[in-house]
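Colleague: Please go through this model with me, one point at a time.

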Amino acid sequence: MGEMSSLRVIAKVSGGTGSWSGADAYQRRTGQRIEALFTDVLMEDQDAYRFLIAGVATLHGVTLPKGALPEIADFPAWEDRGAYKAFVLDLADRTRRVLPGLHWISDGRDPWDVFEAERFLGNSSADPCSKILKRHLSDRWLKQHCDPADTLVVVGIDHEEIERFEGAPARGTKPATKGLRRRMAEAGWTFVAPLCEPPYSSWLGRRNRIFMAGLWLPRLNALGFSHNNCGGACCKAGQGMWKLMLQVFPERYAYAEQREAKIRSVLGDVSMLTDRRGGGKKPLTLETLRTRDLTRAEASEMGGCGCFFGDAA
Ligand code: SF4
């Protein structure tokens, strides 16, 4: 990855540590200033918004004015979705004034709105929420605001998940995948993933770099969630993660359970989770999971969410 100073560099950021580390690695290796693109689903954890703003300010060397970083207690209740969204949209407006290099966009809906509009409940293999609210929205923004001929897009995929970036060969019944880099190259875009290139770093190394930059981890990471997206309430999360949600954020779990039940009243026997007990696959609702003791295998199902990029072939 050499210096490409004539290029405009856009780093996709999510409010999580991976995308920050990717942007930071690129900027430190090349000395080139990055712009940040954040597609907001309006349902991030309160502390993810703090990490997003503080992280981009650090990358840009901006000292934030007092009050620019939101406190968890500033936010309306999670389950008051209308008030929460309005607060976040206002936060985005206030942030743009102090961090013009952070492009903070949204289409005004959250994943639950999308599930209802699309009449499809997201699950581990299909995520209309991220397709519509993240991937399509960011693709549209890039087309409207950037020229692929002089734009380079930085993503935070790391070397442990390099196949999502570079593609994977066919395995058994699974077809080969192209990977993000080739998919976007076919549309004329240059994508780079600094964390997939040497010098490689471990999660511990990246975490230490976050601390050394003066940041602290998003609280979902500290609480044991495997990612920092959608407040942990992800349709692609596994049973272990939803049980963690029930323990740590019971109000979030109750809200998701209620929204899932509402969608089921329209669409029938659908669910985000899958029950594999006794062989085969059947829907597993959050209502059932709430009172169920998990097996060891189920408890370790955390689920992955690389929803900014998708895994489509
Ligand atoms: S984190 Fe999960 S619920 Fe949120 S947009 Fe991505 S796939 Fe959808």
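**Second largest cavity**

Colleague: How do the residues of the lining of the second largest cavity divide into nonpolar, polar and charged?
Modeller: This is a predicted model. Its second largest cavity is lined by Val 13, Gly 15, Gly 16, Ser 19, Trp 20, Phe 51, Leu 52, Gly 55, Val 56 and Leu 59. Glycine counts as polar here. The division is six nonpolar, four polar and no charged.

Colleague: What volume does the second largest cavity have?
Modeller: The search of the whole structure finds two cavities of 30 Å³ or more. For the second largest, the volume is about 50 Å³.

Colleague: Which element supplies the largest share of the lining of the second largest cavity?
Modeller: Two helices, α1 (17-30) and α2 (46-60), each give at least two residues to this lining. The largest share is five residues, and it comes from α2.

**Helix α1**

Colleague: How many of the 14 residues of α1 are buried?
Modeller: Buried means under 20% relative accessible area. The residues of α1 that meet this include Trp 20, Asp 24 and Tyr 26. The helix is largely enclosed by the rest of the structure, because the buried count is eleven.

Colleague: Which elements do the buried residues of α1 pack against?
Modeller: Among the buried residues of α1 are Ser 19 and Trp 20, which also line the second largest cavity. The packing partners of the buried residues are β1 (8-13), α2, β4 (151-154), β5 (190-192), α8 (203-212) and α9 (219-223).

Colleague: How far does α1 reach from its first C-alpha to its last, and which residue follows?
Modeller: At 1.5 Å a residue, 20 Å is expected for its 14 residues, and the model comes close to that with 20 Å. After the helix comes a residue with a positive phi, near 75 degrees: Gly 31.

**Strand β3 and His 145**

Colleague: Are the residues on the two faces of β3 buried or exposed?
Modeller: Strand β3 covers residues 102-105, with Leu 102 and Trp 104 on one side and His 103 and Ile 105 on the other. Both faces are covered, and these four residues are all buried.

Colleague: Which residue stands opposite Trp 104?
Modeller: Strand β2 (residues 35-39) runs parallel to β3, and four bridges join them. The residue opposite Trp 104 is Phe 38.

Colleague: What is the relative accessible area of His 145?
Modeller: His 145 is found in helix α5 (residues 128-145). Partly exposed lies between the 20% and 50% cut-offs. His 145 falls in that class, with a value of 43%.

Notes: Residues are numbered from 1 along each chain as its sequence is written. This is a predicted model: local features need pLDDT of at least 70, side-chain atom pairs count only at pLDDT 80 or more; totals for chains, interfaces and linings use all residues. Side-chain values use heavy atoms; hydrogens and water are left out. On a 1 Å grid over the protein atoms alone, a cavity is a set of points where a 1.4 Å probe fits but cannot get out, and a pocket is an open set with protein on both sides within 12 Å along at least five of seven lines; lining residues have an atom within 4 Å of a point. Grid points are joined across faces, edges and corners, and a volume is the space filled by probe spheres set on the points. Buried means under 20% relative accessible area, exposed over 50%, partly exposed in between (1.4 Å probe, protein chains only). Two strands pair if DSSP finds at least two bridges between them. The expected span of a helix is 1.5 Å times one less than its number of residues. Contact means heavy atoms within 4.5 Å.
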